[in-house]
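Please open the structure in your viewer and keep the selection tool at hand, as this tour moves from one selection to the next and says what can be found at each stop.

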Amino acid sequence: MRRIPSNAASSDTQEKRAHVQDSYVHGVSTKEVDTGAQIVAGLSDDLDPAEAVRVRKKIDYHILPMMCSEIQFMDKTTLGSAAILGIEYNWLGTIFYISYFVFEYPQNLALQRFPVGRWMSLNIFVWAIALTCQAACTDFAGLFVCRLFLGMCEGSVTAGFLIVSSMFYTRNEQTLRVGYWSTLTGMAAQIISGFISFGSLHIKTTGFAPWQWLMIITGTITLVVAVLYWVFFPDSPTSAWFLTPSERTTAVQRLRENQTGVENKHFKKEQMIEALLDPKTWLFALFSVLDNVPNSLTNQRQIIVSSFGFTYLHTTLLGCVDGCIEIMTIWTGVTLAARIPNGRAYVGALYFIPALVGVLMIELLPWSNQVGLLSGIWLVDINTTGFVLSLSWLNNVTAGHTKRVTTNAIMLSAYCIGNAAGPFMWQAQYKPRNRIPWVIIGICYLICAFLLLVIRWMLARENARRDAEPIEEEEEFFIEKESEDGTRVQVKVDKAFMDLTDRQNREFRYVL
């Protein structure tokens, strides 16, 4: 960043600086600024609200169906389904998350370096191959390798979705959109997978077990999704195939209020260091670990439900109810969080209460009360809302593209740690009541609700501190841009597109 003389800017800008004598003027390399800066540089802040809504609806129409078709999330439950269809469940759930953890940060760096849509489609393609190959495995070693590749590839998907959500939507819109694609994940992973598993039970072939058919069917569906992503999924609002040049400008201008820009393809070491030293990064990470220790229920649930005395057929179909509950709770949670000003932490903490009630029901009800125990399991599902809100919230309160991919990687790596540790609490000596695991789950939920409130308090205090700071002298930033006649001119860039972090930009305010 360097100071440039006043005559390097346009006459309009010179007039403006005449009235703001104390402003600072900087010339900036295009590598330093956000990719959206080239599109909106020199434009006024005026944005037609009706046009902004029309462009947002067009983005919804083209992006959300693709995100909500993410069928490969079914793999989380195919292992649980396969467990009751005839495959042994042991270390296979854990190796998935260990691999996820190891490759999470490299995946996030790749998402910053390469086109997001293309990178995700390649990972989904490898995912589909590995999922299908599980049907050919005849021993634990083969399944182990397949699960390793599945974990490696999944690291690109949730992180990619978070990046895309931040590139196309305002902060309040992100809360809803992250909820929408998480909701449809419940539909894919629980409901669709449940019906496919139920159908697989009725396939009678010599030498080919029902769980193998389950892997073939879900792998084929995932392969189709990979092709669709390669062809249709956009990489950025600055290059989205379904937007006209003027609509791309509007799409980028809509993000001005975020103070986070679109993206920056250049890795910035100082932003990575800032992310590592930021206390809220680790509070969110701790929340992610503790909230996902109980997520081992994803694979264990059907085994537990079958132990209540239900048949394999009934257990498979009852898994569809889990998906319905997940859809309803996530949808209501993100809707409340989007409508209640600064209510993310409160809504997230509130949704842990039914989950705690479910834990108490499972601990205290007699083993003969199948309906009560099953209802407790379903109440525990409601906790998912807190994690979904935390994903969008972390995205909302982090600025600077390298910092954002780093915090996303840490958050999702913590998610892996919780998921990898969770299966080990389901020990044979605790069966059939599993009282110790359920106590651990209850403690995790209590701490998670408390952590959300602590994060909110910390961010509110920082907002108050910034509000009390004296108003800074105005800074103006310029980049070189080619004009219509082919000459290179200096044009002003809004501070929102400077790829500054939330700490560097004192105008940034944390949403609560």
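A residue is called buried when its relative accessible area is under 20%, exposed when that value is over 50%, and partly exposed in between. The model on your screen is a predicted one.

**First stop: salt bridges**

Select Asp499, which has a relative accessibility of 3% and therefore counts as buried. Now add Lys268, whose side chain meets that of Asp499 in a salt bridge, with 2.8 Å from N to O. This pair links distant parts of the chain, since Lys268 lies in the loop between helix H11 (245-253) and helix H12 (269-277), while Asp499 lies in the segment after strand S4 (488-493), 231 residues apart. Is Lys268 buried or exposed? At 8% relative accessibility, Lys268 counts as buried.

Next, select Asp278 and Lys280, whose side chains form a salt bridge of 2.6 Å, N to O. Both Asp278 and Lys280 are buried. If you extend the selection to Glu274, Lys403, Asp502 and Arg503, you will have on screen, together with Asp278 and Lys280, a network linked by salt bridges.

Then move to Asp467 and Arg509, where the side chains meet in a salt bridge of 2.8 Å, N to O. Asp467 belongs to helix H21 (residues 435-468) and Arg509 to the segment after S4, so this pair ties together parts that are 42 residues apart in sequence. Asp467 is exposed, with a relative accessible area of 55%, whereas Arg509 is partly exposed, with 27%. How many salt bridges are there in the count? The count comes to 19 salt bridges.

**Second stop: a nonpolar patch on the surface**

Select Leu122, Val224, Val227, Leu228, Trp230, Val231, Phe232 and Trp241, which form a nonpolar patch on the surface and together have about 750 Å² of accessible area. Which helix gives the largest share of this patch? Helix H10 (residues 210-232) does, with six residues. While Trp230 is still selected, add Arg118, which lies over the face of Trp230, at 4.2 Å from the ring centre. A similar selection can be made elsewhere with Arg171 and Phe508, where the charged end of Arg171 sits over the ring of Phe508, 4.9 Å from its centre.

**Third stop: aromatic rings**

A search of the whole structure finds 17 aromatic pairs. To look at one of them, select Phe232 and Trp241, whose ring centres are 6.1 Å apart and whose planes stand at 55°, so the pair is tilted. Phe232, which has its place in helix H10, is partly exposed at 38% relative accessibility, and Trp241 is partly exposed as well, with a relative accessible area of 48%.

Now select Phe387 and Tyr415, an aromatic pair that is stacked, with 5.6 Å from centre to centre and 20° between the planes. Phe387 lies in helix H19 (residues 384-396) and Tyr415 in helix H20 (residues 401-421), so the pair ties together parts that are 28 residues apart in sequence. Phe387 is buried, with a relative accessible area of 11%, and Tyr415 also counts as buried, at 7% relative accessibility. Finally, keep these two rings selected and add Phe96, Tyr97, Tyr100 and Trp127, because ring pairs link these residues with Phe387 and Tyr415 into a cluster.

Methods. Residues numbered from 1 in each chain as written. Predicted model: local features only at pLDDT ≥ 70, side-chain atom pairs only at ≥ 80, totals over all residues. Heavy atoms only, no water. Patch = residues over 30% accessible without salt bridge, like charges linked within 9 Å, V, L, I, M, F, W, Y side chains within 5 Å. Areas by Shrake-Rupley, 256 points an atom, 1.4 Å probe, with all protein chains shown as cover. Salt bridge = Lys/Arg side-chain N within 4 Å of Asp/Glu carboxyl O. Helix = DSSP H or I, 4+ residues; strand = E, 2+ residues; numbered from the N terminus. Buried < 20%, exposed > 50% of the residue type's maximum accessible area, 1.4 Å probe, protein only. Phe/Tyr/Trp six-rings, centres within 6.5 Å; stacked < 30°, edge-to-face > 60°. Lys NZ or Arg CZ within 6 Å of the ring centre and 35° of its normal.
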